[in-house]
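Visitor: I should like to learn how to read the features of a structure. May we go through one together?

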Amino acid sequence: MESHKSAGMQVSEPALKKENPLGMDGTAPEEYDSQSKLLQEFICVPSIDSAWFFKTNNGERSTAMFSVSQPDLLANNNRKHILYSHIMRHATNSLECYWSPFPIEMTGVSLVVPSNLGSKLLVVRNGEKGSPTKLQIVDQSHVEKEIHVDQSIHGPLFTDEWFHGVSWNQEETFIAYIAEEPPQPKPAFNDAGYRKEGSSEKDCNTWRGQGGWEEDWGETYCKRGRPSLFVLDIASGQLRAAKGIAKSLSVGQVVWAPPSSNGYQKNLVFVGWLEHNGFHNTARKLGIKYCSNRPCSLYAITCPFQEPNADNASVSGGKSDCSSIATNLTPSISSAFFPRFSKDGNLLVFLSAKRAVDSGAHNATDSLHKIKWPVDWNMDEHLGVMDVVPAVMCPLDGCFPGLYCSSMLSDPWLSDQRTMILASAWRSTQVILSIDVLSGEVTRISPEGSDYSWTALAVNGNNVLSVSSSPIDPPQLSYGRQAATEDQICGWVWDEVPSPLMAASNKVKALLSRHKFGILKIPVTQPSDELSDGGQLPFEAIFVSCEDSWQKPTALVLHGGPHSTSVSGYSKSSAFLTSLGFNLLIVNYRGTPGFGEEALQSLPGKVGSQDVQDCLTALDFVIKEGLIDASKVAVVGISHGGFLATHLIGQAPDRFAVAAARNPVCNLSLMIGTTDIPDWCYAVACGSEAKIDASETPSLDHLRLFYQKSPVAHISKVKVPLLMLLGGADLRVPISNGLQYARALRERGGEIKIMLFSEDIHEINIPQSDFESFLNIGVWFKKHLK
C-alpha cells in the first residue's frame with residue numbers, strides 16, 4: 001500500500017504543479033501580487049465629475065452638490081455618488097465647510113442635472129438593451145414625476161463631451177435634451193418571404209433582417225443612433241421632438257435662449273454637425289471623439305411646444321404641420337460650439353475650433369466669439385459674429401498662449417454678468433482664466449507661480465470652486481475669491497477646502513512624498529530656417545524625480561494626439577509608476593496644444609521625425625544635467641504616444657531598455673483603410689497638402705509616404721522587449737495595426753507580449769482593463785529594468 005501510495009504521489013506531482021495564469025510572467029507572481037495591491041490604493045480614490053451651487057437663505061452660506069465617480073473593479077463599472085457640502089465664508093473671509101456624513105450612491109444613474117434655480121433635479125437612467133429610458137423630476141422632498149420613454153420615441157440620452165446637452169428653461173417648466181433618434185425599422189421576413197408592413201409582430205417563423213447600413217460617428221459612438229433634440233413638458237409629461245432640423249445634421253449642446261419681452265416666445269440654440277464631412281464633402285461621418293476639427297455651427301429653432309398649432313402631435317404619434325426651420329446663426333465661421341448666454345441675456349458667447357477645421361489638425365488653438373442677442377429676435381434677422389479672444393500665433397515667453405479648452409461650465413459667469421471663467425492649457429499646466437467678454441481682456445486667476453494644474457468646477461457669485469493637483473499631489477479642492485492688494489490691484493486668493501473627497505491613503509501619500517517635480521524648458525536643437533518663429537521656441541517636459549534620481553530607472557511618457565497635452569495634474573497611472581520607483585519624463589513635444597498656434601502647426605507633415613527628435617532631445621537634456629541613468633530608460637505611450645514609443649525603439653534602439661505601447665499607430669498605410677479618421681493619416685503625414693490630396697483610395701505615392709513615416713519602417717532595428725496593449729473594439733487605431741507590428745517583430749525574433757482587451761475601446765478605460773494594463777506595464781518595466 002505504501003509503495004503504491006508513493007508511486008501514486010510521484011505520478012501526480014507534475015499534475016499538482018499549478019500553471020501560471022495566461023499572460024502572467026512565470027518569474028514574477030510576487031511582483032504581480034505586490035503591485036496589484038499597490039495599484040488598488042491608487043485606483044480606489046474617487047474623482048469629481050461635476051459640481052453645482054445652490055442658493056440658501058443664509059447669505060454667508062452656500063450649498064454645493066458634487067457628482068463623484070469611483071471605479072468598481074468587481075462589477076467592472078464606475079459607481080456614481082452624490083455628496084453635499086455647506087461652505088460658509090465669514091466676514092473675516094475665513095472659510096468653514098460642513099460635509100454630509102456619507103455619499104449617496106446613485107445606482108444605475110447616467111446623469112443628474114439641477115434646474116437653474118436649484119429647486120428641482122433631473123435624474124436620468126438610460127435604458128439598456130431595448131429597455132426604456134427613465135426620467136425623474138425630483139423636488140426637495142420627493143420624486144415629483146417619473147417618465148418612462150420607450151425606445152420607439154427615443155433611445156438613451158447622450159452624456160459625452162460633444163453631443164451631451166440638457167437644459168432647463170428659466171421657469172423650470174421645460175427640459176431640452178439630446179437623445180438617440182429611434183432606430184429605423186428593419187425589414188421582416190417569414191417562411192412565405194418578405195413580410196409586408198402592418199403584418200402582426202407575432203407571426204410565426206418571422207425574423208428581422210439587417211436593412212441598410214447607417215454610418216455612426218466612429219470611436220465610442222458605434223451603434224448609437226443619430227443625436228436628436230427633444231423637449232419635455234414637465235407639467236404634462238409630454239415629449240416632443242424638435243421639428244425643422246435637417247436629417248443631415250447631428251445635434252448637441254442645447255441651451256434655452258432668453259425669453260422674449262412678453263415671455264411667450266421660446267427658442268432653443270444648439271450645435272449642429274453636418275454629417276457630410278468626408279473627403280471632398282462626400283457623405284461620411286468621420287470620427288468625432290477627440291476631434292475638434294469637424295465643421296459645426298450654432299442653430300436656433302422654436303421650441304416644439306411653441307408652434308402655432310396647439311394640437312401639435314407628440315413624438316408618440318401623429319404629425320406636425322410645423323413650418324419652423326432651424327436657422328444657422330454662424331454661417332460665416334467654420335466652427336462654433338459650447339454656446340452660453342450671458343446672465344442678462346444680451347450676449348451669446350461660444351468657442352470656435354476654426355483653426356483646426358481650416359488646417360485639418362485634429363485639435364488646434366481655440367478662439368472665443370460673441371453675438372449680440374436682440375430682446376425680441378426674429379428667426380429671419382441676421383446676427384453678426386464678433387471676436388472676443390482670437391487665436392494666439394506665437395506667444396511671448398510667460399504670456400498668454402491662447403485658448404485650449406476641452407469643456408466649459410454650464411454656468412461660467414461671475415456676478416458682473418460680463419466675466420466668464422474657463423480652464424485652459426497654458427504650456428504644460430492647466431490654468432483657470434477669467435475673460436471679460438466686453439473688452440476681451442484675459443486674466444490668469446489661478447496662482448501664477450504654481451506649476452500645479454487647476455480646473456474650475458463651479459462658479460458661485462464672485463467665487464470659484466476649483467480643484468488643483470500635481471503629478472505627486474492628489475487633487476485638492478480650493479475656493480477662490482477676488483481680493484484687493486495693498487496697491488489696490490484686484491487679485492485672486494485661493495482658500496483650501498477641507499474635503500473627504502479624493503483623499504489618498506497614507507501609504508500613497510508616503511510614497512509620493514519622496515518625489516519632486518518640475519517643468520523643464522527644452523531648447524530646440526538646430527531648428528530649420530523653414531520653421532515658423534513659434535516652431536523654433538523651446539518645448540517642455542514635466543520631470544518627476546525620485547530621491548537619488550540618477551540611480552533610478554526612468555520612464556519616458558508620451559501623450560497621444562499628437563495635438564493633446566500632458567498637463568502637470570495628478571494621474572493615477574503615472575503616480576502608480578512613480579510609486580514603483582521610476583522617474584518620469586513626460587514630454588510635451590512641439591505640436592502639443594498650449595504653446596501657440598505656430599508651434600502646434602509645426603508638426604503636421606513631420607511626424608516620425610520632428611516629434612521623435614524632440615523626445616530624444618528631452619532625454620539628452622536630463623542625461624546631460626545628470627538627473628537620470630541613461631542605461632535605465634523605458635518608454636510608454638498611447639495612440640500617437642505609442643506611435644512615438646515604437647518609432648523610438650526602432651530609430652534609437654540603444655537608448656531604451658524596455659517599451660510599452662497602448663493601441664499604438666504602427667503603420668499609417670494600413671490604418672488609412674481601417675480607421676474612423678483617415679483624414680488624420682493625411683494630416684500628420686502630408687501637412688498643409690492633406691486636404692487637397694486626401695482620398696478614400698490613396699495613391700501609391702501616398703501609401704509609400706505613410707509607410708516611410710511609420711514605426712514599421714524601422715522594425716528591423718528593434719532590440720528591446722515590447723509590451724503591446726490593444727483594445728478589441730478600438731475604431732480609432734484598429735487592432736490590426738498593433739497585431740501586424742507585433743507579429744512582424746516576433747517573426748524577426750523580437751521579444752513581444754500582447755494583451756488584448758476584447759471589449760475595450762481606444763482609451764482602454766473599462767475599469768478591469770485599465771487596472772490590468774497598468775499592472776502589466778509596471779511588472780514588465782520592473783522585470784526588464786532590474
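Guide: The following turns take up burial, cores, contacts and sheets.

Visitor: What should be known about the model beforehand?

Guide: This is a predicted model, in which local features need pLDDT of at least 70 and side-chain atom pairs count only at pLDDT 80 or more, while totals for chains, interfaces and linings use all residues. Residues are numbered from 1 along each chain as its sequence is written, and side-chain values use heavy atoms, with hydrogens and water left out.

Visitor: How is burial read, and how many residues of helix α10 are buried?

Guide: A residue is buried under 20% relative accessible area, exposed over 50%, and partly exposed in between (1.4 Å probe, protein chains only). Helices (H or I, at least four residues) and strands (E, at least two) are DSSP runs, numbered from the N terminus. Helix α10 covers residues 678-686, and 9 of its 9 residues are buried, so the helix is largely enclosed by the rest of the structure. Among these buried residues are W680, Y682 and V684.

Visitor: What covers the buried residues of α10?

Guide: The cover includes α8 (640-651), α9 (668-671), α11 (690-693) and α12 (700-708). Just after α10, G687 takes a positive phi of about 65°.

Visitor: How is a nonpolar core read, and which residues touch the most other members of the largest one?

Guide: In soluble globular proteins, nonpolar side chains tend to be buried together. A nonpolar core is a set of buried Ala, Val, Leu, Ile, Met, Phe, Trp, Tyr and Cys residues joined through side-chain atoms within 4.5 Å. The largest core here has 68 residues, of which L229, F270, L329 and L403 touch the most other members. A second, separate core has 62 residues, including L558, V622, I677 and A694.

Visitor: Which residues is F270 in contact with?

Guide: Contact means heavy atoms within 4.5 Å. With neighbours within four places in sequence left aside, the contacts of F270 include L229, I245, V254, Y299 and A326.

Visitor: How is a sheet read, and what is the order of the open sheet that contains β28?

Guide: Strands of a sheet pair through backbone hydrogen bonds, either parallel or antiparallel. Two strands are taken to pair if DSSP finds at least two bridges between them. In this open sheet of 4 strands the order is β28-β29-β30-β31, and the pairing is antiparallel. At the edges stand β28 and β31 (490-496), each with a single partner strand, so one side of each is left without a neighbour in the sheet. Between strands β30 (residues 473-484) and β31 there are 7 bridges in the antiparallel sense, and R481 stands opposite V493 in β31.

Visitor: Is S453 buried or exposed?

Guide: S453, in strand β28 (residues 453-460), is buried, with a relative accessible area of 6%. A polar contact is a pair of N or O atoms within 3.5 Å; within protein, one must be able to donate a hydrogen and the other to accept it, and residues adjacent in sequence count only if both atoms are side-chain atoms. The S453 side chain makes such a contact with the side chain of S568 (3.0 Å), and also reaches the backbone nitrogen of Q430 at 2.9 Å.

Visitor: Where is S466 found?

Guide: S466 is found in strand β29 (residues 463-470). S466 is buried, with a relative accessible area of 0%. Leaving aside neighbours within four places in sequence, S466 is in contact with residues including I432, W454, L457 and W494.

Visitor: What does parallel pairing look like, for instance between β34 and β36?

Guide: Strands β34 (residues 554-558) and β36 run parallel and are joined by 5 bridges, with A634 in β36 as the bridge partner of A555. Strand β36 (residues 633-638) is mostly covered, since 5 of its 6 residues are buried. Another 5 bridges join β36 to β37 (residues 658-662), again in parallel. The chain crosses from β36 through α8 to β37 in a right-handed β-α-β crossover (with the strands pointing away from the viewer, the path from the first strand over the helix to the second runs clockwise).

Visitor: Where does E530 lie?

Guide: E530 lies in the loop between β32 (516-522) and β33 (539-545). At 78% relative accessibility, E530 counts as exposed. E530 and R481 are 49 residues apart in sequence and 46 Å apart in space, C-alpha to C-alpha.
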